Amino acid sequence: MSLACGSKCLKYILFITNFVFFLIGLGTVGLGVWALLDDDRILILTEVGDSGSFDVVSLIRTGALVLIASGGVAVLIGFLGCCGAVKENNCLLFAYCVVMVVILFVQIAAVVIAAIFQSKVTEDLKAFLKSRLSAQYDGDVKTGDPFSLGLDVAQLQFECCGIDNYMDFLSATRWQDKKNTSDIIPLTCCKFTNKESFYKDVNSLNMDDTSCQTSPSDENSNFRKGCWNAILEYANDKAIYVIAVGVAIGVVEVLCVVVAVCLIQAVRKSDEEESQ
């Protein structure tokens with residue numbers, strides 16, 4: 001069959017776009033399979049990160065399965081789009097449109113559900129973090145405990161202290177048992193001139209005021225600033241970029257459906273002209 005010039009352009013646009021989807025899908029599947037099958041990495045994570053209810057290995061494996069599933073969907077979309085465009089096959093193009101429309105509806109539903117349950121999820125997450133701090137945080141900057149290490153990193157990176165503020169550490173039983181009697185806040189709640197050294201050599205950290213832990217103030221520490229609000233502020237600042245990416249992806253998906261529908265009509269018209 002012979003398509004008009006404009007229809008041929010749509011055909012190549014659809015092919016190129018979906019070939020990119022196909023390659024991204026293959027890469028995502030490959031990454032997921034690598035993460036799932038790399039036993040050495042999993043064993044290391046088991047030794048370092050498995051503590052209490054925080055099962056890092058299961059988390060990594062779940063993430064790998066999500067990558068494989070999402071990559072598989074992208075491969076399917078790319079395959080249907082590419083083959084449908086190259087072969088000018090209306091069945092494949094129709095299947096491509098159906099899959100894309102379903103994905104669009106799933107994405108819209110996910111956004112609506114997230115908006116509806118946002119308050120409940122954030123409340124539960126905050127309560128969970130506070131309970132883990134009380135039960136698990138040890139305040140040792142050389143700790144092997146994943147939660148303690150994660151909170152220390154957050155406190156340094158976001159210049160904050162505790163979930164709400166330094167008062168959270170009054171109930172941190174492990175830290176209370178290990179700390180010096182005069183300490184009011186953990187070390188990572190203090191202000192440092194070289195906080196980046198924490199990732200290289202914690203012994204080289206330089207505090208603005210060496211009395212910070214025993215006499216915290218707004219000048220030498222972040223003891224009044226909770227990490228929950230600090231991270232939310234950071235997330236809100238970056239939300240515009242996430243929204244922009246999400247909108248861009250949605251627009252591309254809609255345009256792909258529109259192009260596919262136009263191509264279906266062009267192929268159908270061409271078939272009718274040839275049959276006459």
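This passage looks at the disulfides of the structure and at the helix that comes just before two of the bonded cysteines.

The model is predicted, so local features are described at a pLDDT of at least 70 and side-chain atom pairs at pLDDT 80 or more, whereas totals for chains, interfaces and linings use all residues. Residues are numbered from 1 along each chain as its sequence is written, and side-chain values use heavy atoms, with hydrogens and water left out.

A good place to begin is helix 5, which covers residues 146-157 and has 12 residues. Helices here are DSSP runs of H or I with at least four residues, strands are runs of E with at least two, and both are numbered from the N terminus. From its first C-alpha to its last, helix 5 reaches 16 Å, close to the expected 16 Å; the expected span is 1.5 Å times one less than the number of residues. Several of its residues are buried, among them Pro-146, Phe-147, Leu-151 and Leu-156. Buried means under 20% relative accessible area, exposed means over 50%, and partly exposed lies in between, with a 1.4 Å probe and protein chains only. The polar residues Ser-148, Asp-152 and Gln-155 also belong to the buried set of helix 5. Helix 5 is followed by Glu-159, which has a positive phi near 50 degrees.

The structure holds three disulfides, where a disulfide is counted when a pair of cysteine sulfur atoms lies within 2.5 Å. Such a link is a covalent bond between the sulfur atoms of two cysteines.

One of them joins Cys-160 and Cys-227, with the sulfur atoms 2.0 Å apart. Cys-160 sits in the loop between helix 5 and helix 6 (173-178), and Cys-227 in helix 7 (residues 227-275), so this pair ties together parts that are 67 residues apart in sequence. The torsion about the S-S bond is about 90 degrees, so the disulfide of Cys-160 and Cys-227 is right-handed. Cys-160 is buried at a relative accessible area of 0%, and Cys-227 is buried at 3%.

Another disulfide connects Cys-161 to Cys-189, with 2.1 Å from S to S. This pair links distant parts of the chain, 28 residues apart: Cys-161 is in the loop between helix 5 and helix 6, and Cys-189 is in the loop between helix 6 and helix 7. Its S-S torsion is about 85 degrees, so the link of Cys-161 and Cys-189 is right-handed. Cys-161 is buried, with a relative accessible area of 0%, and Cys-189 is buried with a value of 0%.

The remaining disulfide is formed by Cys-190 and Cys-212, whose sulfur atoms are 2.0 Å apart. Both Cys-190 and Cys-212 lie in the loop between helix 6 and helix 7, so the pair ties together parts that are 22 residues apart in sequence. The link of Cys-190 and Cys-212 is left-handed, with -105 degrees about the S-S bond. Cys-190 counts as buried at 2% relative accessibility, and Cys-212 is buried at 0%. With the bonded cysteines of the protein numbered in sequence order, the pairing reads 1-6, 2-3, 4-5.

Other cysteines can be described too. The closest cysteine sulfur to that of Cys-83 is in Cys-82, at 6.7 Å, too far for a bond; Cys-83 is partly exposed, with a relative accessible area of 24%. For Cys-256, the closest cysteine sulfur is in Cys-97, at 9.6 Å, which is too far for a bond. Cys-256 counts as buried, at 5% relative accessibility.
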